[in-house]
Amino acid sequence: MKILDKIKDRSAIVGVVGLGYVGLPLAVLQAKTGFSVVGIDSVAEKVDLVNQGNNYIGDVDDAELREVVESKKFVASTDFSKLKDCDVVLICVPTPLTKNKEPDITAILKVTEQLAQYAHPGILVVLESTTYPGTTEEVILPRLEETGLTVGKDLFVAFSPERVDPGNEDFKTHNTFKLVGGVTKACQEVAKTFYEQSIVKIFPLSSPRVAEMAKVFENVFRSVNIALVNELTQLCERMNINVYEVIDAAATKNFGFMPFYPGPGVGGHCIPLDPYYLAWKSKEYDIHTRFIELAGEINEGMPYYVVSKLQRILNQQGQCLNGSQVLVLGVTYKADISDERESPATKVMELLQKENTNIAYTDPFAPSICVGGQQYKSQELTPELVAGSACALILTAHSAFDYDMIVKQAPVVFDTRNGTRHVQHDRERIVLLS
Ligand SMILES: NC(=O)c1ccc[n+]([C@@H]2O[C@H](COP(=O)([O-])OP(=O)(O)OC[C@H]3O[C@@H](n4cnc5c(N)ncnc54)[C@H](O)[C@@H]3O)[C@@H](O)[C@H]2O)c1
């Protein structure tokens, strides 16, 4: 097959559609591997930044991006007609939810339409966006076959989920197992050969549906286990038991237990969203995925739990939410990264706004944020700022925070992430989730 030769000698041109958290690192990886890469994004500002060698994603190395841009191995564009030159197209567009928590695959549909216009014999198309099982074969494949191409003969289609863990220093795209499910055996061979050029470990699967299901299963697994520990935390709080001590104790068992930690809710573009893709699809098969719904209910309830506990904490100081100054520490959805999408901190702040609380926040990764239509600027974390607040509310435990200083200065610290676990002094001023 000509496409296999082009992949093996790296003369294949690779198109990456969607240059976000997933697409940009992937495009850089492919360019470093030796392929000529065309990155396509609908947002012109992002395309300009890439073409100037300006990085906007934490997991991309600035120097590596500059190198592949300067050597013209990687060029970005808003022009979809560039797809006609591509031998391989990787789709990395967003898969959000509608307001009513149903899958919104508009971006996948739009890209598929563009591909239908520019696809040519011998092309490999791989969907990397997280979605419900069936998307590749039920949505993308039929539209591409309408163009006269035949899957497995002159059209190769696969699903291969991105499984990157933002901010993880040990596991990046190139050394994380890559699941690959092709529509036919030939699709599988072409897709597997392509990924083998840049990724150390490939895990071939019998179909795109299995790969799609595996990806959502991973995220449902996290969502359900986080919900379990969040529920247990609420019980521990009623029973006056420290949940972190419980988790540490359970984790001493060296088989059959994996620690998950409670928090003010779940965030990011994956865990709060992806399970609902599966829940939606399951209804087509008369199955109501109760675990998914229950986990969503518990995790989405955590910001409310945090606010009502904060209310009690202030009450004990003779204060109330209305009019008190609360200092929020950390607004990104997890520690030491800059991604604020779906961050539970935003929800907590929205709830505090409704109570007329004066909110100040500090986050070294988020210089400004907009919550409920109001713009906030990150304040410098000084002893005066902490001491001047009624409560220091830790919502994301960034490692840059000076926890000793925070505990020393704050009248009370409500730590929803156990970021203060190493602080030895003034522990009576620290309130944990339970
Ligand atoms: N962020 C993660 O940690 C992560 C991990 C694994 C999987 N995923 C999945 O990968 C997919 C992409 O996520 P992301 O975090 O990279 O999203 P993102 O929002 O960071 O990036 C998506 C990019 O696609 C562009 N885009 C949107 N519509 C487009 C269109 N019609 N044509 C061209 N470009 C378009 C956007 O401008 C943006 O730059 C999602 O399905 C997500 O669930 C994300």
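The domain assignment, which is automatic or taken from a database, splits the chain into domain 1 (2-206) and domain 2 (253-432). This is a predicted model, so to speak of local features pLDDT has to be at least 70, side-chain atom pairs count only at pLDDT 80 or more, and totals for chains, interfaces and linings use all residues. Residues are numbered from 1 along each chain as its sequence is written.

The C-alpha centres of the two domains sit 34 Å apart. Where they meet, 14 residues of domain 1 are in contact with 12 residues of domain 2, a contact being two C-beta atoms, placed from the backbone, within 7 Å. On the domain 1 side, the touching residues come out as seven nonpolar, five polar and two charged. Here Ala, Val, Leu, Ile, Met, Phe, Trp, Tyr, Cys and Pro count as nonpolar, Asp, Glu, Lys and Arg as charged, and the others, Gly among them, as polar.

As for the chain overall, the C-alpha trace spans about 75 × 50 × 40 Å along its principal axes. The radius of gyration, taken over C-alpha atoms, is 24 Å, which agrees with the value near 22 Å for a compact globule of 434 residues; the globule rule is 2.2 Å times the number of residues to the power 0.38. There are 14 helices and 15 strands, read as DSSP runs (H or I, at least four residues, for helices; E, at least two, for strands) and numbered from the N terminus. Among contacts with a separation of 6 or more, 67% join residues 24 or more positions apart.

Some 44% of the 434 residues count as buried, that is, with 20 or more other C-beta atoms within 10 Å of their own (12 or fewer is exposed, in between is partly exposed). The largest nonpolar core, a set of buried Ala, Val, Leu, Ile, Met, Phe, Trp, Tyr and Cys residues joined through C-beta atoms within 7 Å, has 61 residues, and Val-89, Ile-91, Leu-124 and Ala-191 have the most contacts inside it. Helix H2 (residues 23-33) chips in the most, with six residues. Setting aside neighbours within four places in sequence, Val-89 touches Gly-15, Val-17, Leu-83, Leu-115, Ile-123 and Val-125. A second, separate core of 43 residues includes Cys-236, Val-386, Cys-391 and Leu-393.

Helix H10 (residues 274-282) is mostly covered, with seven of its nine residues buried. Those are Asp-274, Pro-275, Tyr-276, Tyr-277, Leu-278, Ala-279 and Lys-281, and they pack against helix H8 (208-239) and helix H11 (290-316).
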